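Here is my note on the model you sent round. Please read it with the structure open.

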Amino acid sequence: MFTNEITKRLKIDYPIIQAPMAGGITTAKLVAAVSNNGALGMIGAGYLSPAQLREQIREVKELTSNAFGVNLFVPSEFKMVDEEIEKANNILNTFRSQLQIDKEPSILPSAEKTFQAYEEQIQVILEEKVPICSFTFGVPSIEIISQLKERGIILIGTATTVVEAQAVENLGMDAVVVQGSEAGGHRGNFISLHEDSLIGLMSLIPQVSDHVSISVIAAGGIMDGRGLSASLKLGAKAVQMGTAFLTCVESGAHAVHKEAILNAKDEDTMLTNAFSGKWARGISNKFTIEMQKYNSDIPNFPVQNTLTQSIRKASAAQNNKEYMSLWSGQSPTLARNETVEELINRVIVEANINY
Ligand SMILES: Cc1cc2nc3c(=O)[nH]c(=O)nc-3n(C[C@H](O)[C@H](O)[C@H](O)COP(=O)(O)O)c2cc1C
């Protein structure tokens with residue numbers, strides 16, 4: 001047991017949060033295993049429909065009576081430009097034919113439906129009395145924040161720069177995840193430009209800690225006790241670990257994804273906008289490398305995400321890592337295939353903070 005302001009607030013024994021990882025990785029089994037072992041399990045609900053979210057929350061509640069959280073993508077307006085979509089489809093058709101699929105998606109996302117689904121996800125969180133809710137890709141509106149706070153829900157924002165962390169604090173949220181450039185998965189920048197917001201975690205934690213008074217949670221490349229104790233030393237109150245939990249036995253990640261991380265070197269990750277239209281870090285493969293030359297022709301998130309869906313799906317079904325989004329942080333050589341219990345216990349022993 002380790003106590004500080006954030007462990008007390010989140011009702012956890014250790015200052016460790018399992019990163020929400022949308023796309024089927026943070027299954028109820030993973031989330032509950034984390035919460036049952038003294039850390040905070042988080043459902044990555046970004047791609048879940050409101051009904052799927054409700055079902056998963058209920059599954060987690062069956063498996064644990066401890067605190068857990070839900071993470072949502074805050075939607076923003078996006079453009080649907082026919083010529084841009086046609087151009088992207090033409091580029092993607094090469095990959096579709098390599099995978100022997102011919103489908104261009106018939107249904108494209110609509111901003112109206114995306115905003116509506118997000119509002120419904122918020123209602124599910126309120127109705128299901130989820131204790132903790134975190135956000136990425138932006139900040140929720142003042143109305144949503146006050147609705148959630150009225151019910152005593154603890155709110156966590158995501159920031160990649162000092163100015164974004166201050167925006168999270170100014171909205172009255174309780175804590176902020178600071179996402180260093182090492183982090184796996186999508187970048188959470190929402191005020192700062194992508195190219196300006198690639199700050200390493202060692203620089204980001206102390207600078208944000210000096211400028212906000214809410215709890216800082218460090219994310220990016222943290223895989224073991226060294227990362228946890230360094231983060232605490234730099235001013236963070238807890239860590240959020242993604243890649244380390246992704247390769248755990250209980251995670252719902254595809255076996256090919258887990259293997260790719262377990263076999264990767266430090267040099268093997270790259271930032272790409274080719275899968276979704278939003279920049280994200282993952283293990284490089286044929287798709288990310290060949291798509292690099294088109295990075296200024298890619299439609300906005302979530303349009304490109306929809307356009308590449310059949311490619312990612314077919315690649316996964318064929319156990320072919322070359323066209324899958326293999327999100328990973330920059331420390332893949334530290335990943336292990338162990339149970340959640342083993343990971344959490346190991347990190348705590350290594351950090352020597354079990355007091
Ligand atoms: C596969 C994967 C999916 C992710 N999905 C989300 C998500 O849905 N919401 C979110 O806030 N962060 C997401 N992240 C980012 C994490 O919150 C965190 O910033 C990152 O995992 C930290 O870097 P690490 O993977 O090196 O630990 C994801 C990360 C990964 C690896």
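1. Terms for burial. Buried means under 20% relative accessible area, exposed means over 50%, and partly exposed is in between, with a 1.4 Å probe and protein chains only. This is a predicted model: local features need pLDDT of at least 70, side-chain atom pairs count only at pLDDT 80 or more, and totals for chains, interfaces and linings use all residues. Residues are numbered from 1 along each chain as its sequence is written, and side-chain values use heavy atoms, with hydrogens and water left out.

2. Backbone: positive phi. Glutamine 100 is not a glycine, yet its phi is positive, about 60°. Glutamine 100 sits in the loop between helix H4 (82–98) and helix H5 (111–127). Helices (H or I, at least four residues) and strands (E, at least two) are DSSP runs, numbered from the N terminus. With a relative accessible area of 72%, glutamine 100 is exposed. Phenylalanine 137 also has a positive phi, near 70°, and is a residue other than glycine. Its place is the loop between strand S4 (132–136) and helix H6 (142–150). Is phenylalanine 137 buried or exposed? Phenylalanine 137 is buried, at 6% relative accessibility.

3. Backbone: cis peptide. The bond from phenylalanine 301 to proline 302 is cis, with omega near 0°. Proline 302 belongs to the loop between helix H12 (286–291) and helix H13 (303–317).

4. Strand S9. Look at residues 238–241, which form S9. Both faces of this strand are covered. Ala238 and Gln240 are buried on one side, Val239 and Met241 on the other. Which strands pair with S9? Strand S1 (residues 16–18) does, in the parallel sense, over 3 bridges. Strand S8 (residues 215–219) is also parallel to S9 and is joined to S9 by 3 bridges. Two strands pair if DSSP finds at least two bridges between them. On the S1 side, glutamine 18 has methionine 241 of S9 as its bridge partner. On the S8 side, alanine 219 has glutamine 240 of S9. The chain goes from S8 through helix H9 (residues 225–234) to S9, a right-handed β-α-β crossover. Right-handed here means that, with the strands pointing away from the viewer, the path from the first strand over the helix to the second runs clockwise.

5. Salt bridges. The rule: a side-chain nitrogen of Lys or Arg within 4 Å of a carboxyl oxygen of Asp or Glu. The count is 11. In one of them, lysine 61 meets glutamate 128, with the closest N and O atoms 3.3 Å apart. Lysine 61 is in helix H3 (residues 50–63) and glutamate 128 in the loop between H5 and S4, so the pair ties together parts that are 67 residues apart in sequence. Lysine 61 is partly exposed at 36% relative accessible area, whereas glutamate 128 is buried at 7%.

6. More salt bridges. Aspartate 224 pairs with arginine 226, the closest N and O atoms being 2.7 Å apart. Aspartate 224 is buried, with a relative accessible area of 7%; arginine 226 is exposed, with 58%. Arginine 346 pairs with glutamate 350, and here the closest N and O atoms are 3.1 Å apart. These two are 4 residues apart in helix H14 (residues 340–351), so about one helical turn separates them. Arginine 346 is buried at 14% relative accessible area, and glutamate 350 is partly exposed at 38%. Elsewhere, shared partners join Arg54, Arg58, Lys61, Glu127 and Glu128 into one network of salt bridges.

7. Ligand shell. The ligand has 22 residues around it. A residue is near a molecule if one of its heavy atoms lies within 4 Å of it. Pro20, Asn71, Gly221, Gly242 and Thr243 come nearest.

8. Ligand contacts. A polar contact with the ligand is a pair of N or O atoms within 3.5 Å. A polar backbone atom of alanine 22 is 3.1 Å from a ligand oxygen. For glycine 242, a backbone N or O atom is 2.9 Å from a ligand oxygen. For threonine 243, an N or O atom in the side chain is 2.6 Å from a ligand oxygen. The ligand taken alone exposes 600 Å², and the protein buries 96% of that. These areas come from the Shrake-Rupley method with a 1.4 Å probe. Strand S3 (68–73), S9 and helix H10 (243–246) each give two or more residues to the shell.

Conventions
A polar contact is a pair of N or O atoms within 3.5 Å; within protein, one must be able to donate a hydrogen and the other to accept it, and residues adjacent in sequence count only if both atoms are side-chain atoms.
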